[in-house]
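Okay, thanks for coming, everyone. Let me pull this one up and talk you through it.

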Amino acid sequence: MGTFFHPECFCCHSCGYPITEHEFSLSGKDPYHKSCFKELTHPKCEVCHQFIPTNGAGLIEYRCHPFWSQKYCPSHEHDNTPRCCSCERLESRNATFYSLEDGRTLCLECMESAIMDTGDCQPLYHAIRDYYEGMYMRLDQQIPMLLVERQALNEAIVGEKNGHHHMPETRGLCLSEEQTVTSIQRRGHRLVGMRTQPQKLTRKCEVTAILVLYGLPRLLTGAILAHELMHGWLRLKGFRDLSPEVEEGICQVLSYMWLESEVLPGCRSSMPSTSQASSSSSSSSKKGGKSTVENRLGEFFMHQIAHDASTAYGGGFRAANAAVNSYGLRYTLDHIRQYGHFPL
Ligand SMILES: [Zn+2]
Ligand SMILES: [Zn+2]
Ligand SMILES: [Zn+2]
């Protein structure tokens with residue numbers, strides 16, 4: 001004996017309307033229109049907003065960003081969908097990303113706090129030097145800092161005799177050769193293009209200059225600056241011939257610590273306490289007004305450092321961070337200076 005329904009009683013559990021088609025979906029005891037069931041359960045792409053197609057084996061296959069959980073059709077990885085050069089998210093069909101003059105694209109959330117020229121970056125650069133000073137790692141030399149386009153940064157990298165480079169894209173450089181670098185000086189009117197200016201950099205100490213890609217959000221720009229300043233600090237303090245893991249690893253730790261101090265103020269209380277003057281000047285003004293969007297970005301940059309798959313940057317960071325957590329920064333640095341590796 002089958003079950004009989006009045007047609008008007010056999011209704012879709014989702015939309016409530018009668019199901020008149022011969023084919024329908026059942027979930028537990030609840031019937032659904034096939035289309036309603038698909039709408040409920042079939043994942044949609046956050047880029048094209050269509051149902052994610054099934055692959056050759058009849059399975060729904062999608063990509064998902066490990067931090068943002070942005071779900072999308074695998075095809076968008078090679079159909080020229082713009083990807084934000086800062087946070088890695090893909091452009092959704094209903095939002096337009098911002099195009100930087102050097103070919104990179106930036107999402108609107110990253111654009112909100114982007115630092116666009118060398119002048120705009122000075123306060124942040126000073127804040128990070130203050131951060132170093134607060135940890136008794138003062139840099140006495142005035143190292144020039146320039147924001148540059150991708151092309152100018154890549155040319156400067158070629159002009160350096162040594163150094164390790166971060167794949168897929170290097171975003172900062174601690175220069176030690178004398179070079180002429182084209183920097184971004186002032187954009188003039190906000191909506192008019194930016195101005196670039198070639199600048200001959202002469203070397204007054206072991207470090208010629210620090211270069212950083214322009215157009216990145218404040219927290220990422222700061223993280224890059226903190227990393228490159230650590231290269232500078234190591235060089236000026238006479239650390240020599242460190243392996244890539246040790247050098248990049250400890251630089252990534254400083255970058256991570258600075259981000260942590262911005263995103264979670266009050267963290268790492270075991271760090272040497274900073275002098276009142278430097279800690280308040282570097283942080284209070286900007287920190288008060290940080291939005292949730294910016295904080296979330298900061299967490300992403302920390303996640304990126306911690307989960308980097310490369311040996312030098314990722315492996316180096318994890319080893320350096322473990323050492324700093326066990327022995328403190330001061331002892332770890334002394335150990336590196338003496339033995340060239342992290343304390344175990
Ligand atoms: Zn899609
Ligand atoms: Zn972004
Ligand atoms: Zn580095």
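I'll start with the overall picture, then go to the metal site and one helix.

Quick housekeeping: this is a predicted model, so local features need pLDDT of at least 70, side-chain atom pairs count only at pLDDT 80 or more, and totals for chains, interfaces and linings use all residues. Residues are numbered from 1 along each chain as its sequence is written, chains are lettered from A and ligands numbered from 1 in the order in which they are written, and side-chain values use heavy atoms, with hydrogens and water left out.

Of the 344 residues in the protein, 48% are buried, meaning under 20% relative accessible area with a 1.4 Å probe, protein chains only.

Now, what holds the zinc ion (ligand 2)? C84, C87, C107 and C110 coordinate that ion through their SG atoms, at 2.3 Å; donors here are N, O and S atoms within 2.8 Å of the metal (3.2 Å for Na, K and Ca), and water is not among the atoms, so sites may look incomplete. Along the chain, the spacing reads C-x2-C-x19-C-x2-C. The four donor atoms make angles of 104 to 116 degrees, so the site is tetrahedral, which for four donors requires all angles between 85 and 135 degrees. Both C107 and C110 are buried.

On to helix α3, residues 118-134 (helices are DSSP runs of H or I, at least four residues, numbered from the N terminus). Its 17 residues should span 24 Å at 1.5 Å a residue, and the end C-alpha atoms are 24 Å apart, so the two agree; the expected span is 1.5 Å times one less than the number of residues. Buried positions in α3 include C121, L124 and Y125. Just after α3, Y136 has a positive phi of about 60 degrees.

How values were computed: Buried means under 20% relative accessible area, exposed over 50%, partly exposed in between (1.4 Å probe, protein chains only). Four donors count as tetrahedral if all angles lie between 85 and 135 degrees; four count as square planar and six as octahedral if opposite donors are over 155 degrees apart and all others between 65 and 115; anything else is irregular. Helices (H or I, at least four residues) and strands (E, at least two) are DSSP runs, numbered from the N terminus.
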